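This report looks at how a protein chain holds its ligand, and then at the chain as a whole.

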Amino acid sequence: MEYTTLGRTGLRVSVAGLGTGGFSRLGLGTGKDEAHAIGIIHAALDLGVNLFDTAAAYGTEPVLGKALRGIARDQVVICTKAPFGISSSNATAERAVASLDRSLKELGTDHIDVYQLHGVSPAAYDHARDVIAPALLREKEKGKFHHLGITETGPGDLPHQMIQQACRDGLWEVAMIAFHMMHQNARTNVFPLTREHRVGTLLMFAVRNIFSQPGRLAASVRQLADAGELPRELAESSDPLGFLVHPGGASSVIDAAYRFVRHEPGVDVVLFGTGDIGHLHTNIDSLLKPPLPEADRARLAGVFGRLVGVGLDAPHLTPLSGRAKSD
Ligand SMILES: NC(=O)c1ccc[n+]([C@@H]2O[C@H](COP(=O)([O-])OP(=O)(O)OC[C@H]3O[C@@H](n4cnc5c(N)ncnc54)[C@H](OP(=O)(O)O)[C@@H]3O)[C@@H](O)[C@H]2O)c1
């Protein structure tokens, strides 16, 4: 594993971080059981992963807490998030504090390393900064968490407006950002600011469904070509990103997707979500490989660099668990 410093938090973190949300939720999202999820977390630990991202909305705080019991607390960096409701304009400071206390209990820990507001829209941001953050920071003084973070809503904030403001405000030490091969605008809109203000970055949406489901990618490319946003030749291929896979290049589209984000200047940790032990191994391998060849990176920037908002789909409502959605 390779390690880096997470912005001005000073935390030493693995460049690969295990995400416990998204469509997989450690396999819980696809019908696997808790023992399987714990096995995924332990396999990640064995490979040197020390940063784990969860959220009240994912329902994975308890399993993460259970899996990490017995591991020295200073050997892992636990990131979790307030429920979505706390990121809305009518959330109260009292509810935010109660949520933090609930997360501590679910995780079975006495402190959280990075406590994040989850999916804050540009419209809700002022309330988050002026009402919720001050209340949380008082709890931080008591030691309940060490660093305050914020995550954007990928599909709800395509230009990354909220994160830009958050970087300038100086309150947030960590930001979670959507960036991938077909949604590259964080390169100009976000990373110069996170670097300037030394905000630690957690990268989400590196692969998601668009790159893990070949049919999904081909359909999206066809739609974009129909709309005149991509060259017609790409739409005629059943493997539109196949040009990335060649000797000396990527071994698969997913390999390319993780390597693409990993080496972007300004990216500290790439979150990867999986419920599959084989994927866990290959994804960490990918994240530790060198950058894609320069010619391939130039082609990705040239062909896809202007696209915005592709492939940012979210899991659907899951009324059984009472979660609003699991992102
Ligand atoms: N607003 C927010 O705060 C927010 C939003 C989105 C995500 N996140 C965080 O970011 C994390 C990462 O996002 P993500 O979960 O969407 O991760 P991702 O790494 O972009 O995509 C994971 C998806 O790709 C599949 N996959 C992964 N590796 C594969 C491989 N080698 N071959 C084939 N399929 C593969 C996974 O299914 P398998 O289980 O089959 O591997 C899963 O469906 C989340 O878990 C969460 O912690 C936060």
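In this predicted model, the ligand is surrounded by 29 residues, of which the closest are Ser24, Asp53, Arg208, Tyr258 and Thr274. Sorted by class, the shell around the ligand is made up of 10 nonpolar, 14 polar and five charged residues.

Polar contacts to oxygen atoms of the ligand come from both side-chain and backbone atoms, as the following table sets out for Ser24, Val207 and Gly275.

| Residue | Atom of the residue | Distance to an oxygen atom of the ligand |
|---|---|---|
| Ser24 | polar side-chain atom | 2.4 Å |
| Val207 | backbone N or O atom | 2.9 Å |
| Gly275 | backbone N or O atom | 2.8 Å |

Gly275 thus contributes a backbone N or O atom at 2.8 Å. Taken alone, the ligand would expose 900 Å², and the protein buries 90% of that area. The space that the ligand takes is the largest pocket.

Several elements of secondary structure each supply at least two residues of the shell, namely strand E7 (145-152), helix H8 (208-212), helix H11 (253-262), strand E10 (269-273) and helix H12 (277-287).

Turning to the whole chain, its secondary structure comes to 13 helices and 10 strands. The radius of gyration of the chain is 19 Å, close to the 20 Å that the globule rule gives for 327 residues, and the chain is therefore as compact as a globular protein of that length. Measured out along its principal axes, the C-alpha trace spans about 60 × 40 × 40 Å.

Definitions and conventions:
Residues are numbered from 1 along each chain as its sequence is written. This is a predicted model: local features need pLDDT of at least 70, side-chain atom pairs count only at pLDDT 80 or more; totals for chains, interfaces and linings use all residues. Side-chain values use heavy atoms; hydrogens and water are left out. A residue is near a molecule or strand if one of its heavy atoms lies within 4 Å of it. A polar contact is a pair of N or O atoms within 3.5 Å; within protein, one must be able to donate a hydrogen and the other to accept it, and residues adjacent in sequence count only if both atoms are side-chain atoms. Accessible areas come from the Shrake-Rupley method with a 1.4 Å probe; for residues, only the protein chains shown count as cover. On a 1 Å grid over the protein atoms alone, a cavity is a set of points where a 1.4 Å probe fits but cannot get out, and a pocket is an open set with protein on both sides within 12 Å along at least five of seven lines; lining residues have an atom within 4 Å of a point. A molecule sits in a cavity or pocket if more than half of its atoms lie within 2 Å of its grid points. Helices (H or I, at least four residues) and strands (E, at least two) are DSSP runs, numbered from the N terminus. Ala, Val, Leu, Ile, Met, Phe, Trp, Tyr, Cys and Pro count as nonpolar, Asp, Glu, Lys and Arg as charged, and the others, Gly among them, as polar. The radius of gyration is taken over C-alpha atoms; the globule rule is 2.2 Å times the number of residues to the power 0.38.
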